[in-house]
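User: Could you take me through one part of this protein up close? I'd like to look at how the helices around the middle of the picture pack, and then at the pockets.

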Amino acid sequence: MLRRLHLFSGDIGVLPWFASGTPPIIELPAYIRMRWLSPEEWRANPGILETPPDVVAERFEAGARCLIGWDDSTVQLVYHLWVTETATYIDWIFRHINVPPQHLLVFDVWVHPDYRGGNVHWAGASHACGEAVRCGRRYIFAGVEEHEYYIFATKYARLSLGLIVPHSRIVGVKMFGMKFHFTRGPSARLAEFSKRLRRMFGQQKPA
């Protein structure tokens with residue numbers, strides 16, 4: 001099993017809304033509500049998340065926060081996203097990811113299949129950017145597969161949620177029960193794509 005995760009850094013400090021701490025609002029239907037799930041609420045109703053309870057407990061104990069999207073009309077969870085200022089284990093790539101200084105790591109993002117293709121994910125991204133400012137961070141940090149990078153970078157720029165630039169590549173290999181990891185520099189192809197976005201949207205490169 002071979003997996004590649006392209007980590008990216010998104011600078012929100014160059015954007016006009018950064019000083020106020022209020023990112024652009026992404027409209028959602030009135031029946032979909034997003035809120036930060038408190039550890040107390042989760043302990044009272046652990047079934048609200050399908051993530052294994054021991055994993056959720058470990059994340060909360062380490063200071064991570066979970067954003068959820070809830071559909072009042074169907075009474076179901078339609079979205080979740082985690083953020084943390086510290087290292088965390090990313091099971092998709094079989095390893096821990098360290099968070100660079102001044103960054104907020106966004107991870108384990110999920111959208112219910114029936115709600116994909118709309119604004120749910122981008123509304124969550126907006127909340128995450130606002131949370132980064134609240135935590136005193138200038139950058140968001142996350143990872144995607146290469147084909148997703150182009151979509152994410154373009155959408156973030158168009159929505160004024162931040163300028164995405166490639167940070168590094170993690171290659172994870174799982175074979176015969178053994179796990180191997182390789183870290184590579186950012187993809188030149190993705191770096192060039194980010195430069196074109198800067199020229200198009202007039203945003204600056206993160207320091």
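Analyst: Here is a walk through helix H4 and its two partners, followed by the two pockets. Keep in mind that this is a predicted model.

Let's start with helix H4, residues 146–158, and helix H5, residues 188–201. Their axes come within 11 Å and cross at roughly 15 degrees. Angles under 35 degrees count as roughly parallel, so H4 and H5 are roughly parallel to each other. The crossing of H4 and H5 is right-handed. Who does the touching? On the H4 side you'll find Glu146, Tyr149, Tyr150, Ala153, Thr154, Ala157 and Arg158, and H5 answers with Arg189, Leu190, Phe193, Ser194, Leu197 and Phe201. Sort the residues of that contact by class and you get eight nonpolar, two polar and three charged.

H4 also packs with helix H3, which covers residues 120–134. Here the angle is about 65 degrees, and the axes sit 12 Å apart. Since 65 to 115 degrees counts as roughly perpendicular, that is the label for H3 and H4. The crossing of H3 and H4 is right-handed too. In this contact, H3 brings His121, Trp122, Ala125 and Cys129, while H4 brings Ile151, Phe152, Lys155 and Tyr156. By class, that makes six nonpolar, one polar and one charged.

Now for the empty space. Rolling a probe the size of a water molecule over the atoms shows where such space is left.

The largest pocket holds about 1,200 Å³ of space. It is lined by 45 residues, and the closest to its centre are Phe107, Asp108, Val109, Trp110 and Gly143. Strand S7, residues 103–111, gives the most to this lining, with seven residues. Split by class, the lining of the largest pocket has 29 nonpolar, nine polar and seven charged residues.

The second largest pocket has a volume of about 180 Å³. Its lining is made up of Ile48, Glu50, Thr51, Leu77, His80, Asp108, Val109 and Trp110. The elements that give two or more residues to this lining are strand S4 (76–84) and S7. S7 supplies the largest share, three residues. By class, the lining of the second largest pocket has four nonpolar, two polar and two charged residues.

If you want one place to zoom in, try Asp108, Val109 and Trp110: they are among the residues closest to the centre of the largest pocket, and they also line the second largest pocket.

Notes:
Residues are numbered from 1 along each chain as its sequence is written. This is a predicted model: local features need pLDDT of at least 70, side-chain atom pairs count only at pLDDT 80 or more; totals for chains, interfaces and linings use all residues. Side-chain values use heavy atoms; hydrogens and water are left out. Axes are lines fitted to C-alpha atoms, for helices over the stretch in contact, and angles run from 0 to 180 degrees between N-to-C directions. Helices (H or I, at least four residues) and strands (E, at least two) are DSSP runs, numbered from the N terminus. Angles under 35 degrees count as roughly parallel, over 145 as roughly antiparallel, 65 to 115 as roughly perpendicular and the rest as oblique. A crossing is left-handed if the near helix is turned anticlockwise from the far one by less than a right angle, and right-handed if clockwise. Contact means heavy atoms within 4.5 Å. Ala, Val, Leu, Ile, Met, Phe, Trp, Tyr, Cys and Pro count as nonpolar, Asp, Glu, Lys and Arg as charged, and the others, Gly among them, as polar. On a 1 Å grid over the protein atoms alone, a cavity is a set of points where a 1.4 Å probe fits but cannot get out, and a pocket is an open set with protein on both sides within 12 Å along at least five of seven lines; lining residues have an atom within 4 Å of a point. Grid points are joined across faces, edges and corners, and a volume is the space filled by probe spheres set on the points.
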